[in-house]
Amino acid sequence: MKKIIVNLNKRSYPIFIGKNILSDKSLFNKVNKKSLALITNKKIEKLHISKIKNALMKKNKIIISDGEKYKNQDSITKIYNYLLKNKYSRDSCIVAFGGGVIGDMAGFAAATYQRGIDFIQIPTTLLSMVDSSVGGKTGINHPLGKNMIGSFHQPIAVIIDTEILKTLSKRQFNAGMSEVIKYGIIKDKNFFDWIVKNTDEIKAQDPKSIIKIVKRSCEIKAEIVALDEKEKNIRALLNLGHTFGHAIENYLGYGKWLHGEAIACGFLIASSVAIQKNTMNISEYNKIKALLKAFSLPTKLPKNINIEKLFKIMSLDKKVKNNEMVYVLPKNIGNAYITNKISKNIVIKALKDHAK
């Protein structure tokens, strides 16, 4: 079992990574005497609830609907209703057992119930293991934008059992790889190159390769979060491709494209903007594109997309500051930067180039 610490002083917490580690009761020592509420969905309950050996979690379950379209206030109210009816107090703990949708909602409920209670993340998708379960971003969607209502609320632990990935569909696994690839683009060229060389092993879910991609992704995210917990500056690098990706998800209707698919396309649009600004070489763009294709991730926008409408949705993104769009752009593989000095014409051209 591997252990990483997200260093946030008094709010520091461990990330445990390993195969079949949910059976390790010691990982739950911190909460053995707390009132626990496990939040999951029917699919995860059926597939994986037996792996958790804590009887209280199995007994006290809140089942919410599966899918991005249910990441809303109605689901949060259902969680509040359960907690209130069963008299959960401030020393209770929520356990998020699922993918990014479950984790974001459970975390938001924990952040706001009685002004904040503890929660633990047990992610069940590759994307949630390497990204959304770490860093304390919680929230729900609004019809006008993704993750527009939320809070920063750090978990007290993240427990990642990589064996769970065996039940993921190929599409879900590949969508998670987009976030893994992102870390290589923004921070670690050697990691990116390693992914290129080990694509076949990763696709086959070779245990050592899976542990490596999860561990290295979590290390990079933990390092960035420790420097900038509430995204005042450097943490925004983690949003590479997200301004475009969130707009695509919103445009299509949440759930039509998976989050990882949308941001993968966003990586290339961001790279295209960087090429126009002469801060990135076309050969780097082509390497990123080739790796995304290797994992069957989209490299073009959906057919018949209205570019002006898509741009308008982007302007509602929460990363807009002082009425200026903020973009994360790669300089080269392993190095990215944040800027608000991009004209609409450049962005529109990049979007159009990926709509052909």
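Guide: Two strands pair if DSSP finds at least two bridges between them. Keep that rule in mind. The model here is predicted.

Visitor: What makes β7 and β8 a pair?
Guide: Count the bridges. Five of them join β7 (residues 137-142) to β8 (residues 145-152). The rule asks for at least two, so these strands pair. They run antiparallel. Within the pair, Ile 140 is opposite Ile 149 of β8. A hairpin of two residues links β7 to β8.

Visitor: Which strands does Gly 334 lie between, and what is its phi?
Guide: Gly 334 is in the turn of the hairpin formed by β10 and β11. Two residues separate these strands. The phi of Gly 334 is positive, at about 105 degrees.

Visitor: How do you know that β10 and β11 pair?
Guide: By the same route. There are five bridges between β10 (residues 327-332) and β11 (residues 335-339), and the strands run antiparallel. At least two are needed, so the pair stands. One bridge has Pro 330 facing Ala 336 in β11.

Visitor: What is the order of strands in the open sheet?
Guide: The open sheet has seven strands, ordered β1-β2-β9-β6-β5-β3-β4. Its pairing is mixed. On average, neighbouring strands are turned by 20 degrees against each other, direction ignored.

Visitor: Why are β1 and β4 called edge strands?
Guide: Pairing, as defined, needs at least two bridges, and β1 (2-6) and β4 (61-63) each pair on one side only, so they are the edges. Take β1: five bridges join β1 to β2, and the two run antiparallel. Lys 3 has Phe 16 in β2 as its bridge partner.

Visitor: Which helices lie across β3 and β5?
Guide: Helix α3 (residues 73-85) lies across β3, β4 and β5 (93-98). Its angle to β4 is about 155 degrees. Helix α4 (residues 100-112) lies across β3, β5 and β6 (118-123), at about 170 degrees to β5.

Visitor: Why is the pair of Tyr 82 and Tyr 88 called tilted?
Guide: Check the centres first. They are 6.0 Å apart, within the 6.5 Å limit, so the rings pair. Now the planes. Their angle is 40 degrees, neither under 30 nor over 60, so the pair counts as tilted. The structure holds two aromatic pairs.

Visitor: Is Tyr 88 buried or exposed, and how do you know?
Guide: Its relative accessibility is 7%. Buried means under 20%, so Tyr 88 is buried.

Visitor: And Lys 30, buried or exposed?
Guide: Lys 30 has a relative accessible area of 57%. The cut-off for exposed is over 50%, so Lys 30 is exposed. Lys 30 lies in the loop between β2 (13-18) and β3 (36-40).

Visitor: What sits over the rings of Tyr 183 and Trp 194?
Guide: The charged end of Lys 182 is over the ring of Tyr 183, 4.8 Å from the centre. For Trp 194, the charged end is that of Lys 212, at 5.1 Å. The distance limit is within 6 Å, so both values meet it.

Visitor: Which residues have the most contacts inside the largest nonpolar core?
Guide: Met 177 and Leu 351, in a core of 78 residues. Helix α11 (residues 259-276) gives the largest share, ten residues. A second, separate core has 21 residues, among them Leu 83, Val 101, Ala 109 and Ile 117.

Visitor: What is Leu 351 in contact with?
Guide: Leave aside neighbours within four places in sequence. Leu 351 then contacts Phe 244, Ile 269, Leu 301, Ile 307, Leu 310 and Met 314.

Notes. Residues are numbered from 1 along each chain as its sequence is written. This is a predicted model: local features need pLDDT of at least 70, side-chain atom pairs count only at pLDDT 80 or more; totals for chains, interfaces and linings use all residues. Side-chain values use heavy atoms; hydrogens and water are left out. A nonpolar core is a set of buried Ala, Val, Leu, Ile, Met, Phe, Trp, Tyr and Cys residues joined through side-chain atoms within 4.5 Å. Buried means under 20% relative accessible area, exposed over 50%, partly exposed in between (1.4 Å probe, protein chains only). Helices (H or I, at least four residues) and strands (E, at least two) are DSSP runs, numbered from the N terminus. Contact means heavy atoms within 4.5 Å. Axes are lines fitted to C-alpha atoms, for helices over the stretch in contact, and angles run from 0 to 180 degrees between N-to-C directions. A charge sits over a ring if NZ of Lys or CZ of Arg is within 6 Å of the ring centre and within 35 degrees of the ring normal.
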